[in-house]
Amino acid sequence: MKSIAILMGASILSAGSIETSDAQARANQQLELASADTKRVKNQSNAGKNPFTLVYGGAITENVAGKVNIHPVTYKIKDIDIVANVYTPANFNPSQKYPAIVVAHPNGGVKEQVAGLYAQRLAENGFITITADAAYQGGSGGLPRNVDKPANRIEDIHAMADYLSQYAGVDLSKLALLGICGGGGYSLAAAQSDKRFASVATLSMFNSGIVRKNGFMNSQLATIQDRLKQASEAREKEAKVGEVIYVGDNKTPLTDEQIAKMPFDLYREGYIYYGKTHAHPNSSGKYTMSSLLDLMTFDAAANMDLIQQPLLMIAGSKADTYYMTEDAFKKASNAKNKELYLIDGATHIETYWKPEYVNQAVSKLVDFFSTRL
């Protein structure tokens with residue numbers, strides 16, 4: 001079957017198109033809904049219309065006294081400049097102490113998208129929150145661009161905690177961690193060793209390493225060694241001539257017909273979310289092919305026994321990524337008060353933006369963090 005190159009925030013891989021009557025009908029329905037949603041959020045999808053370039057619904061447009069405020073900040077990870085947003089609660093008083101939450105964004109995403117949405121909503125409930133663009137990605141520095149290595153993403157999370165530990169008003173004894181999609185997998189890895197995080201939660205967790213190795217839903221098991229060889233050759237080319245080869249470097253937007261033929265809800269909805277309804281100029285699904293040398297040997301669900309903190313894992317009941325959450329949750333044998341929470345009817349991407357599902361997730365997160373910190 002003909003392969004389709006898929007570019008999206010959650011995952012990029014080449015996959016054969018799956019064409020069944022049910023899948024095609026669902027795809028067509030999703031496109032119709034997406035078309036309507038594109039019109040509904042056309043203002044928020046244009047980052048240039050928000051002074052903070054936020055593209056999520058209900059985003060802050062100005063800092064107002066007595067309300068949740070956003071504070072763009074910068075810091076360094078070694079010699080790399082990192083850009084982040086800190087959200088402070090209404091009537092914030094830096095002389096008081098507040099619980100705080102680090103929010104890690106999805107693969108290919110940036111702080112202005114779903115991570116910012118949840119950071120703002122949690123700040124509305126009394127938490128100081130931070131979300132930063134990963135090193136080498138988004139508005140942060142680092143060359144070559146779009147390096148996507150697990151060690152870097154995990155260090156991004158540690159560094160956000162470092163920054164909050166010095167932020168006026170933060171109660172470091174009440175520091176929590178929320179990871180979304182790929183950021184969820186990296187948050188599990190970070191929490192295994194970083195015991196500053198008193199509790200950890202994930203939303204629509206995506207195990208980047210396992211997917212890069214095996215393909216989504218184990219769709220690329222037959223090509224593991226071939227792709228490792230390609231990644232090795234790409235690294236050699238970087239070293240010899242400085243040429244960087246990317247996966248998912250699609251320059252021509254997909255047509256509606258091509259989107260409809262994508263084999264999984266995650267890909268169809270993800271392409272629409274990142275490419276249409278919530279697009280941001282700093283968001284890119286491409287990554288250096290040489291990153292696969294690190295990605296394909298990483299498993300976010302390894303060493304889950306090291307997580308002893310309270311653990312909440314949230315996923316949509318219709319998410320085709322749910323198997324990753326289920327696997328990691330089962331392996332968290334030592335987590336205290338662990339809970340798996342399903343949002344009925346939600347797919348993976350719908351937990352990023354759909355109001356009724358976001359409201360459910362935020363309500364559960366607020367309850368969890370309020371009682372587990």
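In the predicted model, Thr277 is a buried residue, its relative accessible area being 3%. This threonine belongs to helix H8, which covers residues 265-277. A polar contact of 2.8 Å joins the side chain of Thr277 to the side chain of His278.

The secondary structure surrounding such individual sites was examined for the protein as a whole. The predicted model contains 12 helices and 12 strands. Of the 373 residues in the protein, 56% are buried. The exposed area amounts to about 15200 Å², and 49% of that area is supplied by carbon and sulfur atoms. When contacts between residues at least 6 apart in sequence are considered, 74% of these contacts join residues at least 24 apart.

The nonpolar interior was considered next. The largest nonpolar core has 107 residues, and the residues with the most contacts inside this core are Val102, Tyr118 and Leu178. Helix H12 contributes the largest share of the core, namely eight residues. Apart from residues up to four places away in sequence, Tyr118 touches Leu178, Ile180, Leu203 and Thr351, together with Val358, Ala361, Val362 and Leu365. Val358, Ala361, Val362 and Leu365 are also among the buried residues of H12. The buried set of this helix further includes Tyr357, Lys364, Val366, Phe368 and Phe369. Helix H12 comprises the 17 residues 355-371, for which a rise of 1.5 Å a residue predicts a span of 24 Å; the C-alpha atoms at its ends are 24 Å apart, so the expected and modelled values agree.

Ser199 also makes contact with residues of this region. Located in strand E8 (residues 197-203), Ser199 is buried, with a relative accessible area of 0%. Beyond residues up to four places away in sequence, the contacts of Ser199 comprise Leu175, Ala176 and Leu177, Gln309 and Pro310, and Phe368, Phe369, Arg372 and Leu373. Two of these partners, Phe368 and Phe369, are listed with the buried residues of H12.

Helix H4, spanning residues 182-193, is likewise mostly covered, with 11 of its 12 residues buried. The buried residues of H4 begin with the glycines Gly182, Gly183, Gly184 and Gly185. Tyr186, Ser187, Leu188, Ala189, Ala190, Ala191 and Gln192 are buried in H4 as well.

A further buried polar residue is found in strand E3 (residues 69-77), where Asn69 is placed. Asn69 has a relative accessibility of 16% and therefore counts as buried, since this value falls under 20%. The side chain of Asn69 reaches the backbone oxygen of Val64 at 3.1 Å. With residues up to four places away in sequence left aside, Asn69 touches Ile60, Asn63, Val64, Val86, Tyr87 and Thr88. The C-alpha atom of Asn69 is separated by 7.3 Å from that of Ala90, a residue 21 positions apart along the chain.

Charged side chains were then surveyed. Side chains of opposite charge can pair when their charged atoms come close. In the model, the count comes to 18 salt bridges. One of these joins Glu233 and Lys229, with an N to O distance of 2.4 Å. Glu233 and Lys229 are four residues apart in helix H6 (residues 224-241), so about one helical turn separates them. Glu233 is partly exposed, at 40% relative accessible area. An α-helix has 3.6 residues a turn, so residues three or four places apart point the same way.

A salt bridge is also formed between Lys331 and Asp327, whose closest N and O atoms are 3.3 Å apart. Both residues lie in helix H10 (residues 322-331), four residues apart, or about one turn of the helix. Lys331 is partly exposed at 37% relative accessibility, and Asp327 is partly exposed at 31%.

The side chains of Arg121 and Glu124 meet in another salt bridge, at 3.4 Å from N to O. Glu124 counts as partly exposed, with 42% relative accessibility. In addition, a network of salt bridges links Lys111, Glu112 and Asp133.

Key: Residues are numbered from 1 along each chain as its sequence is written. This is a predicted model: local features need pLDDT of at least 70, side-chain atom pairs count only at pLDDT 80 or more; totals for chains, interfaces and linings use all residues. Side-chain values use heavy atoms; hydrogens and water are left out. Helices (H or I, at least four residues) and strands (E, at least two) are DSSP runs, numbered from the N terminus. Buried means under 20% relative accessible area, exposed over 50%, partly exposed in between (1.4 Å probe, protein chains only). A polar contact is a pair of N or O atoms within 3.5 Å; within protein, one must be able to donate a hydrogen and the other to accept it, and residues adjacent in sequence count only if both atoms are side-chain atoms. Contact means heavy atoms within 4.5 Å. A salt bridge is a side-chain nitrogen of Lys or Arg within 4 Å of a carboxyl oxygen of Asp or Glu. The expected span of a helix is 1.5 Å times one less than its number of residues. A nonpolar core is a set of buried Ala, Val, Leu, Ile, Met, Phe, Trp, Tyr and Cys residues joined through side-chain atoms within 4.5 Å. Accessible areas come from the Shrake-Rupley method with a 1.4 Å probe; for residues, only the protein chains shown count as cover.
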